[in-house]
Structure formats: structure tokens, C-alpha cells
Amino acid sequence: MNCEEATKLMDGYLDGELDPLSNQKIEQHLQDCPECDRAYEAHRALIHTIGSATPYYKAPVELRERIQSSLREEIAERPLRNVARAARSLILRGPQTVPSGIPWNWLALAAAIIFAAIITLNLVPRLQRPGNDQFLATQLIASHVRSLMANHLTDVASSDQHTVKPWLDAKLDFAPAVADLSSEGFPLIGGRLDYLNNRTVAALVYQRRKHFINLFVWPAAPDATGTPKTITRQGYQLLHWTDSDFNYWAVSDVNDKDLQAFKQLFEERIARH
Amino acid sequence: MALLLKEEHASETEDFESTAKIVKFVVVKKREEEHAQPAELTSFEEVMLPHLDAAHNLARWLLRNEQDAQDVVQEAYLRAFKSFSGFHGSNGRAWLLTIVRNTSYTLLKKNRAVDLTTTFDEEIHAPGYESVSPATILEHSEDAELIREAMDELPAEFREILTLRHQEGLSYKEIADIAQIPPGTVMSRLARARAKLKEYLAARIGKEK
């Protein structure tokens, strides 16, 4: 790391928001470069003082009271509004309930129902099945990329599965298996919480040479299918598989072969436990 | 409850105790009304009212005006309550601050469009401030009034990010969510905001001397 890079990452380092790797690099640079170290110390002292001396505007008591009474007014008005809405819909529906006696009305209705049924039967399965996966794939890649943006790779940084697992267990409503695969060339870097598919999921972070693998884990639906699936998108590899308990999605920029090997090693290891 | 009411009715015929019993009756009635408050409101207030100071502080820094800040916070709480059924997350503060922030910007855009454009004060760039050393800035940086003036001169996006990081201690990810910017932008914007604040402080100190 040179001085320019160190200056760029200095604020992230100061805020403790760098990934472990960049953190290590900048620390090394500050040890080697007295000039950057001085600049960092001055920056840190100033930011710290400014932070604590900036006035904090607490809410006045009247504001709390104002809010509480406006919320109660809102609640009190609700039934009135519901009545108004019901009345309005009654008036609007009024003329339609008058028997018209025109048969084409019923024909039109029947045609509309058939039409809707055709659309539903043809379109919805086509939209839903691959669409779901594609949408999830987009979310997974976004999470993966976000995690690498020099700020939030891990919540708990440890290569020890016995540190990562209890940390995740305490934060989640399920207990994912965690295995360190250092000896096989996929060291565990840490774990993280993420939000995907409308739920909180565990993200295990592994390294493969200079690349990172995010392994997202959440409980599988009871009727989940077992066939593994590969998706390639924007240069990223996604590999999906399930076991009796969990859904796994591995996302990385390593090649497909490495990712398959990773899956196999991971499955072998957790099966042994 | 029925038993209690009955007793109270009976007591009205007993002169020497009636006053005390009537008082008790009123208290019981009032408590009953409080219980009638919808559970939704109770849980909303439990989750969101603890963040009132944070909400007010952010609005105050964004709007730089106490009356506007209070109006915006009240409006934001009402909006939050209306969409509370859609809130399933665990981070109530970040969720509320997002609403406060959006409501503040709506007002800023409506009332003072000029505020949102980054303005550069010519005076600030007057000669002299380059000569102020970091040590001198540090000496003055405990002066709350000086910092307030310098902060107020910053563009809204800088005031916002400094408040969220320095005063609320939020993570980059939370800041990205609230300010609706990519997480990768948080660090660079924060660095620019801090540099600008330093510069404005130096300018003020330079002028004072």
C-alpha cells in the first residue's frame, strides 16, 4: 500500500469500517511511514474532539407531548375515515346493483374470467419459477459486492469456527453449520448477518487465494428440491444446493470448478460433524 | 370490576367515606380508558419514542431552525405510525431517521431550494486560513459555538453524514441506508465532509486572529 491509498482509506480505518485485509495493510503502512502515521494521528485527534464537541440538540419536552397527542388524534379519526370510505363505496356500488337485464354483461364477465385464467395459467408459472431465482440471484450478487466494498465483509472476523458459530447462533433463529476449510485452501475469514429473500440470513465468508466466497445460509422450506443449481451472472458464479435443513447459496468470482470443490469440501466436513 | 363499582355505589350512602371512594372511582375509570388505547399505538411508542432525541437532532442540523425541526419531527412520527405495520426490522432508529431525513429534504426543497446546492462562501476562501496549523485547529476544536457555525455552513449532505456518524455513531451500512447512497460512497463522502469542516474551522480561526 502506498501513501495515496492509505490516505484514501484513512477515514474508513479511523471508523473501524475496513475489511480485515485492508485494515491489516493500512496498519502495516502506518508502521512503515512516519509521515502518514503523523497525519493519521492528527486527523484522529481532531475528528474525535470535533465529534464530542458538536452540540447535540435534544428534543424539548413539548415536542414529545405534541407527538403523542397528534398520534392519538390520528387514532381517533380512523373509525370516522373508515365509515366515510364504506359510505363512499356503497354509493359508488349503488347503480351497479340495479338489475340491468342485459345478457352481454354476463358474457363479458365470463369472457373476462376465462381470459384471466388463460393469462394466469400460461404466464404466472413462467414468470415465477425462473423469475424468483433471477431475482434472488440479483440480491445475492448485490450482497456479495456490497460486502467487498471495503467496509462490511464480516461482523465477526475469525478463522475459528468455534467463534463464528456461537456468534451467529446468538443472532439468528437457526443454527447454521460452520466449518473451517483452511487445510483444503478455503480459509474461513468470518461471519456476517445479511438480509435476503425477506429474512435474516447467515453469511459465512471464505477466502480462495485472493478471492472471497460468500456462503449464504438459511433454513430450507420443507418441500425444497435437492438438485444443485449453477448460475453465472456479471462474471460471478452462484452455486445453490440444499440439505435436509438448509438452503445454501455460494457467491464468488472464483471459477466454477473451485466453487464446486468448495461445495463438496463443505458438505463432507459438515457431514462428519 | 363489577364488584368494585357495586361497592362504590353502596358507599355513597355512607357519608363519612364517600369522598374517598369517589376519588378512587375516577382513578379506576381513567385507567380503563388508558387500557383502551390500541396495542398498535403502544408498541409504536415503545419502539419509536426512545429515538426522539436522535430524530430531533438530525432534523435540527438539517434544517438549522428549531421550529422547522419540530414540525418535521412531528410529521415524520405521524408518517412512521401510518406505515408502522410495514416495519418488521430490528433497527427502529435507522428506520425512523430515514423518514425524518426524507421529510426534512421535502421541506428543504420546498422552502429553500438554494440550501441544497453546495454553496461556497467567498469569505471562507479569503487568504489567511492556510497559515492555521492542525495544532491550532485542535486547540479551538472544543469550542462548541465555533463548530456549530462551521457545521451550519456545510451543505446539507455533509451536515447529515457528520451527524449520523459522529453523534449517532451509526455504521457505514446504516448511513448508506438512511442517506440512500451506495455503501461504497459513505467513506469518501465522510472524508470530504470532514476535510471541508476542518477547512471552515481553520477559516474561522484565521479570521478571529
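In this predicted model, the contact between the two chains draws 30 residues from chain A and 37 residues from chain B. On the side of chain A that touches chain B, the elements giving two or more residues are α1 (3-14), α3 (34-53) and α4 (61-97) of chain A. The residues on that side of chain A comprise 15 nonpolar, seven polar and eight charged.

One of these contributing elements, α3 of chain A, can be examined further. Its length can be checked against its residue count: at 1.5 Å a residue, the 20 residues of α3(A) should span 28 Å, and the C-alpha atoms at its ends are 28 Å apart, which agrees. Burial along this helix can then be read residue by residue. C36(A), H43(A), I47(A) and I50(A) are buried in α3(A), where a residue counts as buried if 20 or more other C-beta atoms lie within 10 Å of its own. Viewed down the axis of α3(A), the buried residues fall within an arc of 70°, so they line one face of the helix. P34(A), R38(A) and E41(A), on the other side of α3(A), are exposed; the criterion for exposure is 12 or fewer such C-beta atoms.

Chain A also contains paired strands. Strand β3 (residues 199-208) and strand β4 (residues 211-219) of chain A pair in the antiparallel sense, with seven bridges. Within this pairing, Q207(A) has F212(A) in β4(A) as its bridge partner. The hairpin of β3(A) and β4(A) has two residues between the strands, and R209(A) takes a positive phi near 50° there.

Strand β4(A) also pairs with strand β7 (residues 246-252) of chain A, again in the antiparallel sense and over seven bridges. Here I213(A) stands opposite S252(A) in β7(A). Strand β4(A) thus appears in a pairing with β3(A) and in a pairing with β7(A).

Chain B, the other partner in the contact, has 12 helices and zero strands. Its pattern along the sequence is accordingly a succession of helices, α-α-α-α-α-α-α-α-α-α-α-α. Of its 209 residues, 31% count as buried. The contacts within chain B can also be sorted by sequence separation: among those between residues at least 6 apart in sequence, 69% join residues at least 24 apart.

Key
Residues are numbered from 1 along each chain as its sequence is written. Chains are lettered from A and ligands numbered from 1 in the order in which they are written. This is a predicted model: local features need pLDDT of at least 70, side-chain atom pairs count only at pLDDT 80 or more; totals for chains, interfaces and linings use all residues. Two residues are in contact if their C-beta atoms, placed from the backbone, lie within 7 Å. Helices (H or I, at least four residues) and strands (E, at least two) are DSSP runs, numbered from the N terminus. Ala, Val, Leu, Ile, Met, Phe, Trp, Tyr, Cys and Pro count as nonpolar, Asp, Glu, Lys and Arg as charged, and the others, Gly among them, as polar. Two strands pair if DSSP finds at least two bridges between them. The expected span of a helix is 1.5 Å times one less than its number of residues. The arc is that of the directions from the helix axis to the C-beta atoms.
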